[in-house]
Amino acid sequence: RAEWAHRRGKFPLLVKLLDAHRKLSVQVHPDDAYAQAHEGNELGKSEMWFVLHADPGAAVILGLRPGATPAKLRAAAKDGSLSHWLHEIPVEAGDFVCVPAGSLHAILGGLLIAEIQQNSDTTYRVFDWNRTGKDGQSRPLHLDEALDVINFEQVEPPLPTPRLLEQSEGVTRFALCQSPYFVTERIELEPGAHFRDICNGATLQIWGTLSGRATVEGGAAAVDLPAVTFTLLPAALGPYTITANQSTHLLRTYLP
């Protein structure tokens, strides 16, 4: 999958920080096969969200409510009643959401989110909450394409839970989202604990500090990693060590 992105001259992944003061539009992303066929040989998009901050009552949209069909969604998007078919999930800081291609989704207001995604801009807008711009016009929707790619079997999906991978010597690792495009882990380090690994050429690694502070040492450099900061470790870096200066929680993302 990474080679596919490379052949298109694209870095395989993006990391974004999204500060959603108000709810964002309801969207869906196609998979690679659909994007290749319909978007000029473009890539699809799978992504994940990690909630850094959530106002009381914050929520996201993921998937559908029971009974949704393409015809019902098309009619509801046109008459402004699509909310009836959207599955809303309350979230708080520390939660994460896996959003594979085909997922009907939206980030609602009051959320600060770290988003990890395929490097693609292929997005189909399904609903924009009946909003209009300064010119009085609504933003365009992409209903035909969206209804082609929405996963109608994704009905009321639950919020995922982390899976414990390792717990030893002040290091605790949890698996979060895993897709054909990226794997994301949450790693908790006690003060002074070390996490050691090697970038042996198989995959890059992207590290981000969720809370606390750590130092990354590899090659000839040491990089400070304070809270809500991300850094890229090149695939050819070789051995590296991450040391927690205090109790620290991090995200690690790499290619499967």
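**Notes on the core, L82, L14 and the largest pocket**

1. A good place to start is the largest nonpolar core, which holds 25 residues. Those with the most contacts inside this core are V26, V28, L73, L82, L104, V126 and I150. Please keep in mind that this is a predicted model.

2. As for where the core residues come from, two or more are given by each of β2 (26–28), β4 (59–64), α3 (70–79), β9 (124–127) and α4 (143–149). The largest contribution is that of α4, with four residues.

3. L82 is worth a look on your screen. Setting aside neighbours within four places in sequence, L82 is in contact with V26, L73, A76, A77, V126 and F127.

4. Now over to L14, which sits in strand β1 (residues 13–20). L14 counts as partly exposed because its relative accessibility is 26%, and the band for that class lies between 20% and 50%. Not counting residues up to four places away in sequence, L14 touches E115, I116, Q117 and N119. With Q117, the C-alpha atoms are separated by 5.4 Å, although the two residues are 103 residues apart along the chain.

5. Finally, the largest pocket contains about 210 Å³ of space. Its lining has 16 residues, and L18, L24, Q27, E47 and E115 lie nearest the centre. At least two lining residues each come from β1, β3 (47–54), β7 (105–107) and β8 (111–118), with β7 giving the most, three residues. By character, the lining of this pocket divides into five nonpolar, six polar and five charged residues.

Notes: Residues numbered from 1 in each chain as written. Predicted model: local features only at pLDDT ≥ 70, side-chain atom pairs only at ≥ 80, totals over all residues. Heavy atoms only, no water. Buried < 20%, exposed > 50% of the residue type's maximum accessible area, 1.4 Å probe, protein only. Contact = heavy atoms within 4.5 Å. Core = buried A, V, L, I, M, F, W, Y, C linked by side-chain atoms within 4.5 Å. 1 Å grid on protein atoms, 1.4 Å probe; cavity = no way out; pocket = protein on both sides within 12 Å on 5 of 7 lines; lining within 4 Å. Points joined across faces, edges and corners; volume = space filled by probe spheres on them. Nonpolar A, V, L, I, M, F, W, Y, C, P; charged D, E, K, R; others polar.
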